[in-house]
Amino acid sequence: MTEQSVTVAGSPVGGEIVTGAAPQDGTPDSRVSVKPKNNRAWLLVLPVVVSVAFTAVIPLMTVVNFSVQDIFSPDDRIFVGLEWFRSVARDPEIRAAFVRTLLFSAQVLLLEIPLGVALAVAMPRRGVWVSVALVIVALPLLIPWNVVGTIWQIFARADIGLGGWTINNVLGIDFNYTLDSTDAWITVLIMDIWHWTPLVALLAYAGLRSIPDPYFQAAQIDGASAWSTFRHIQLPRLRGVLTIAILLRFMDSFMIYTEPFVVTGGGPGNATSFLSILLSKVAVGQFDLGPAGAFSLLYFLVVQIVSYVFFTVLTRSGR
Amino acid sequence: MQWMVWTLPTALVFVGLALLLCGMAIWGHFSPPVARRGFLRIETDRGDRLYIGLISAAVVLAGWIAVTDLSMWLALACALLVTIVIGIWG
């Protein structure tokens, strides 16, 4: 057999893509290898690279520049090295807010993911009720964040809010989120569950709908219980969508700002002062760009690590 | 570019990162990366290990500055060591 190259004209990537020894007698030859000869596909990625550079990379570089300087104006600034990082990393208020935010994110994930999956399993699979259920479940997602905060600020009030009034006067439990830190925490947590469980439910529902019917028919023939069907058929096939749901809910809850800001303003005391609320105070309230830059970068580092760990564990555990 | 308030040290860091990424891209072009398992117990190629190494280095630096007043040059040495160890054996 003679060594020669085969040119495939009109291939999507163009040019010569197959090299090696071509079979002469029509039999398959294991020595034939496919090797792309150009990188034209990279051009298609260029728009994304440019937009990410303008919206994320350049602003991030600017924040890094802020974090090592004491800036009074663009012309009047002093290089301070890592001093802002030192003060931010050792600030007890920021450390407390970090623990508080992590705790909040953990509670959000522990409650919203199972609830969302349960809701998705309970939703009808076919018939007219599918549309009705989807619209009702999606409703909280359509409400702007500050409006969600306002709704819950009024709803949870002990004097004029239906929820707060019911807890106090019907259930007989002393509940006041403006005075009691536990009540404030519970209000913010339930508000987040109300607002974002639908996202998990919709993602899980999409995942469940993609499971072919023969899986369920086979389970039925084998006499599998509802729990076994869920555990061995539905749950494993939800891995992809749950990865996305967990990542989205972690990042969103770890950066939560608008709703607690509207409902509690971070109070009472510091009970619901999450990292983002504290950061906005430093960056926008006091306009301390240096400490705010250092704070943002440490915040960004934590989000990077946790997201990467979640992503790796959830996508590679099956390999 | 004045609004980006550049300083020499941050510019050097970003130039270093850009050169590192370009170097990895060129290396990857001539010698495509191969995924394998190291002490991290997950399948990684050299790009994954570089990312994990850089993040780990940032954690070392952040942790160092949060707990001790010892020289940051020492922290940088530890961070580089961590990155190299992860890059080779991770």
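**Exercise 1. Locate Arg41(B), and classify its backbone and exposure.**

Step 1. Arg41(B) sits in the loop between strand E1 (36-37) and strand E2 (43-44) of chain B. Strands here are DSSP runs of E with at least two residues, helices are DSSP runs of H or I with at least four residues, and both are numbered from the N terminus.

Step 2. This is a predicted model, in which local features need pLDDT of at least 70 and side-chain atom pairs count only at pLDDT 80 or more, while totals for chains, interfaces and linings use all residues. Residues are numbered from 1 along each chain as its sequence is written, and chains are lettered from A and ligands numbered from 1 in the order in which they are written.

Step 3. Arg41(B) is not a glycine, yet its phi is positive, about 65°.

Step 4. A residue is buried if 20 or more other C-beta atoms lie within 10 Å of its own, exposed if 12 or fewer, and partly exposed in between, with C-beta atoms placed from the backbone. Arg41(B) has 9 other C-beta atoms within 10 Å and is therefore exposed.

**Exercise 2. Do the same for Val5(B).**

Step 1. Val5(B) belongs to the segment before H1 of chain B.

Step 2. Its phi is near 40°, again a positive value in a residue other than glycine.

Step 3. Val5(B) has 19 C-beta neighbours inside 10 Å, so it counts as partly exposed.

**Exercise 3. Describe helix H1 of chain B and the position of Arg46(B).**

Step 1. H1(B) covers residues 8-30, which is 23 residues. From first C-alpha to last it reaches 33 Å, close to the 33 Å expected at 1.5 Å a residue; the expected span is 1.5 Å times one less than the number of residues.

Step 2. H1(B) is hardly covered, with a count of 1 buried residue among its 23.

Step 3. Arg46(B) is in helix H2 of chain B. Its C-alpha atom is separated by 12 Å from that of Leu21(B), 25 residues apart along the chain. With 19 C-beta neighbours inside 10 Å, Arg46(B) counts as partly exposed.

**Exercise 4. Which elements and residue classes form the side of chain B that touches chain A?**

Step 1. Two residues are in contact if their C-beta atoms, placed from the backbone, lie within 7 Å. In these terms 17 residues of chain B are in contact with 24 residues of chain A.

Step 2. H1 and helix H2 (46-67) of chain B each supply at least two residues of this side. The largest share, 5 residues, comes from H2(B).

Step 3. By class, the side of chain B has 13 nonpolar, 3 polar and 1 charged residues. Ala, Val, Leu, Ile, Met, Phe, Trp, Tyr, Cys and Pro count as nonpolar, Asp, Glu, Lys and Arg as charged, and the others, Gly among them, as polar.

**Exercise 5. Find the largest nonpolar core and the elements that supply it.**

Step 1. A nonpolar core is a set of buried Ala, Val, Leu, Ile, Met, Phe, Trp, Tyr and Cys residues joined through C-beta atoms within 7 Å. The largest has 25 residues, and those with the most contacts inside it are Val88(A), Leu278(A), Leu279(A), Phe295(A) and Leu298(A).

Step 2. Two or more residues each come from helix H2 (83-89), helix H3 (92-122), helix H12 (275-285) and helix H13 (289-316) of chain A, together with H2 of chain B. H13(A) gives the largest share, 6 residues.

Step 3. Not counting residues up to four places away in sequence, Phe295(A) touches Val88(A), Ile94(A), Leu279(A) and Val282(A).

Step 4. Another core, of 16 residues, lies apart from this one; Val117(A), Leu202(A), Leu203(A) and Leu208(A) are among its members.

**Exercise 6. Place Phe104(A) in its surroundings.**

Step 1. Phe104(A) is found in helix H3 of chain A. It is buried because 21 other C-beta atoms lie within 10 Å.

Step 2. Leaving aside neighbours within four places in sequence, Phe104(A) is in contact with Ser253(A) and Phe274(A).

Step 3. Phe104(A) and Phe250(A) are 146 residues apart in sequence, and 9.6 Å apart in space, C-alpha to C-alpha.
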